[in-house]
Amino acid sequence: MQKIRSSWWTGTPRAPYLLLHFSFALCLIPVLAAPRASANDVAKPNETLGDGTSEKPGDTEDILAGHSFHGEAFNEGPRQKAYLMGGTGEVTFPVSTEIELAQKFFDQGVGQLHGFWYFEAERSFRQVALLDPDCAMAYWGMAMANIENEKRALGFIKEAVERKKTASKRDQLWIDGLADYLKSKKKDEKVAKQDYIRSLEKIIHDFPDDIEAKAFLAVRLWQFKKDLPITSHQAVDAILDQVFAARPMHPAHHYRIHLWDNEKPERAMTSAALGGQSGPSIAHLWHMPGHIYSRVKRYPDAVWQQEASSRADHNHMMRDGVLPDQIHNYAHNQEWMTRNLINIGRSGDALAIATNLVEHPRHPKYNSVEKRGSSAAHGRARLFQVLQRFEMWDKLIELSETMYLEPTDVTSEQDKRIRALGVAHFEKGDSSLLLAQLVELQARLAHTQRERKVAQDKAEKEAKEAKKAAAEIDKAKADAVKPIDRRIKSLNESIAELNAYAGLMVGSNESAKTLLDQVTGIEKDRLARLYMRAGDHKKAERLASEAVESAKNEVIPLANQVDVLFRIGKKKEASEAFTKLRKISGHIDDLSLAPFERLSDVAAAIELPDDWRITSEPNQDVGERPALATIGPLRYTPSPAINWSLPNENGDSLAFEQFEGKPVVVIFYLGFGCLHCAEQLTAFAPKTKEFADAGISLVAVSTDTIKELKSSIDNFQVEGEFPFPLVSDSELGTFKAYRAFDDFENQPLHGTFLIDRDGFVRWQDISYEPFNDPDFLLKEAKRLLRLPVRPKN
């Protein structure tokens, strides 16, 4: 393995059918820029490696197909080459390399680190190692890109330490500081962090002009604040002042925003105006100023930043073939943007972003309704919020019959769905359907209470069998029912809310008010309207006022206050509140929506025009902003698949265009010698009819030659003829076109793609192991294929 490690970027010693594949990473290089390769481009056994040594086939016998030749740390992460993308920050970080291009990629990687774009940073540093395998700092960079993934970081820093003898003194300080931190972290994390801070201070002392050390010192002081509390934020800010004095547009503006975000956000206003512009290719740098603008209640500016971030992410993922939820922070940016769009009244865009999140491809690893923080989870939550805040009751009911808000087996999400439908039916005045939702919630509560007893009895029995003390038995019982009790509490609140609505519908105002007192999770402005309906005008006025005070510069609470004051006879106060609303009304996009349509009577009474909105003047302290459309598209849309024509085992050509007009799943596998591939194909084979019944074809593309394809068919244990076609791509051109190829180790990768009837890639998986869940893919394919491909915008 030493020979492999020392030359690890230069080739792979295995026959094509055993060549590995890699990474869930998903290849971030444009297809048109990727060079076509022939079989001669792939390393063969006993090939001379870049360091002049020779590799024997037996050296890699224990490496599984699809895994890196260079150790476990290299299995994950990017496996396709980097390109100089530009816009990653004004960073100069000289390292010990004589290769100019390697230095450029290193600087790019450091800029990406400053933008927390770790996946792309690792790719840039891998490119440095490809160009200069002995550059120790390339491996330091890979470790830095995985600093929150301790196992991988240790694997990378080990490579850096082994090469540091030929590095400069400065490089050695960087390597030793990180190596010591990673090694000692498990023993005493606080001490490890203190020592790491001191190692950065030593670099600054020995090399006073090293602004990168100052930038990383600032961010580490912020990141380590839990164990090493910041006693002076101003002192950390002063370190950043030194960075900006030398380089005003350094991406460390990102760090100043983090430093002051939850402390004194107004102190980061200058960096908020420069953050995205300091690294315009990095979506997270556009996103972070949105934190500051949100904290100071400048929601239109926050939305602009978040939209710029969204567009940068979409530009990247659609250009480089990446699924949305493979992008760090993407779903969070989208859901926060949706909330801010609600705040300023842009109902159409809020609805579009929320529905687009629901539409995104799902994957068992990183996007599902059950996975917290994913597009699916955020999208469903924000979609309910948009529909309820803008009182789009008809739309909510309509979408509940579609994939957007369909029933789900996730119990908490289904509870929310039933509650939301109950609200919608109440607002529509449909008492029978309201009661239907109420009955369903009560049945779910009874079932959950039975589950609680079963769980408690089981915990008690197990604790007694273990002969635990009485106190321990009680604790075991309490622990067993904690999550169930949380759900019971939520269900009780939902039932109380719907019961209150039922009371209001039949005129039982006093009982309705009693029930409303028991409910949490309802916005105060909406609660004010319910108390007003129940006849409690005093409480309605108080809640409406509290809603405005806690939601400064948000249009819906203010619009509600105007209406409440007017309805209870306080016209002067209503007029004053309306004046405040008009000042922030410039982004409201639809006055026909209920929260604003109710104000038409108020506007007429105080002699305002029917369209009472006032155009908002943009703020002048936000820096030079590019046109949003130049950053990227507003919504994610699938990318077109690449055409191919390949021979089957008989030498007959099968072309991608033959599938035109119907969906197809294309599986890339690594030949008849790959046992994992055999498992994958024999898992998909019995499902061929189910896919066909859904109108979906299957085809597999192999690294095998035409002759070897017959061995594949014989090797796959399927009764009768293999049920879908296998084709040969032994020269690997199609593997490369679909980015199912490792450019660093010069080998093909496993890949599975769903391509729709119009030729767009709707779903994909590229990994060091083949995707082996045909049932999931079939279900997801049926969902995705119901969706139209939106035009790029």
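Which residues of helix α28 (residues 675-684) are buried? In this predicted model, the buried set is made up of C677, A678, Q680, L681 and F684. These residues span an arc of only 160° around the axis, so they sit on the same side of α28. That fits a general feature of helices: an α-helix has 3.6 residues a turn, so residues three or four places apart point the same way. The cover over the buried residues of α28 comes from both helices and strands, including α29 (688-693) and α32 (774-784) as well as β4 (664-669), β5 (697-702), β6 (726-728) and β9 (750-755).

Two cysteines in this part of the chain are worth a look. C677, one of the buried residues of α28, has a relative accessible area of 0%. C674 is buried too, at 1%. As for disulfides, the structure holds 0.

Strand β2 (residues 645-647) is where P647 is found. With a relative accessible area of 23%, P647 counts as partly exposed, because the cut-off for buried is under 20%. Leaving aside neighbours within four places in sequence, P647 is in contact with D652, S653, I706, L709, L726, V727 and S728. Strand β6 (726-728), for its part, is among the elements covering the buried residues of α28. The chain also brings P647 and D729 together: they are 82 residues apart along the chain, yet their C-alpha atoms are separated by 7.9 Å.

Now for the helix pairs. Two packed helices are described by the angle between their axes and the distance between the axes. For helix α4 (residues 136-144) and helix α5 (residues 150-163), the axes come within 8 Å and cross at roughly 165°. An angle over 145 degrees counts as roughly antiparallel, so α4 and α5 are roughly antiparallel to each other. Their crossing is left-handed. On the α4 side the contact is made by A136, Y139, W140, M142 and A143, and on the α5 side by A153, F156, I157, E159, A160 and R163.

Helix α8 (residues 211-223) and helix α9 (residues 233-246) make another such pair, with axes that come within 9 Å and cross at roughly 150°. This makes α8 roughly antiparallel to α9, and the crossing is left-handed. I211, K214, A215, L217, A218 and L221 of α8 meet V236, I239, L240, Q242, V243 and A246 of α9.

What does H250 touch, not counting residues up to four places away in sequence? The list runs to E90, V91, H114, I211, E212, A215, V243, F244 and S278. Of these, I211 and A215 of α8 and V243 of α9 also take part in the contact between those two helices. H250 itself lies in the loop between α9 and α10, and is buried, with a relative accessible area of 0%.

On the far side of that loop comes helix α10 (residues 253-261), which holds I257. I257 also counts as buried, at 0% relative accessibility. Beyond its neighbours within four places in sequence, I257 is in contact with A268, S271, A272, M288, P289, H291 and I292. The link to H291 spans 34 residues along the chain, with the two C-alpha atoms separated by 7.8 Å. H291 belongs to helix α12 (residues 283-295) and is buried, with a relative accessible area of 10%. Besides I257, the contacts of H291 outside its local stretch of four places take in D261, H332 and W336.

Finally, a couple of loop residues have backbone angles to note. K297 lies in the loop between α12 and α13 (299-320). Its phi is near 65°, a positive value in a residue other than glycine. K297 is partly exposed, with a relative accessible area of 29%. F116 also has a positive phi, near 55°, and again is a residue other than glycine. Is F116, in the loop between α2 (100-114) and α3 (118-131), buried or exposed? F116 is buried, with a relative accessible area of 11%.

How values were computed:
Residues numbered from 1 in each chain as written. Predicted model: local features only at pLDDT ≥ 70, side-chain atom pairs only at ≥ 80, totals over all residues. Heavy atoms only, no water. Helix = DSSP H or I, 4+ residues; strand = E, 2+ residues; numbered from the N terminus. Buried < 20%, exposed > 50% of the residue type's maximum accessible area, 1.4 Å probe, protein only. Contact = heavy atoms within 4.5 Å. Arc of directions from axis to C-beta. Disulfide = S-S within 2.5 Å. Axes fitted to C-alpha atoms, helices over the stretch in contact; angles between N-to-C directions. Parallel < 35°, antiparallel > 145°, perpendicular 65-115°, else oblique. Left-handed = near helix turned anticlockwise from the far one by under 90°.
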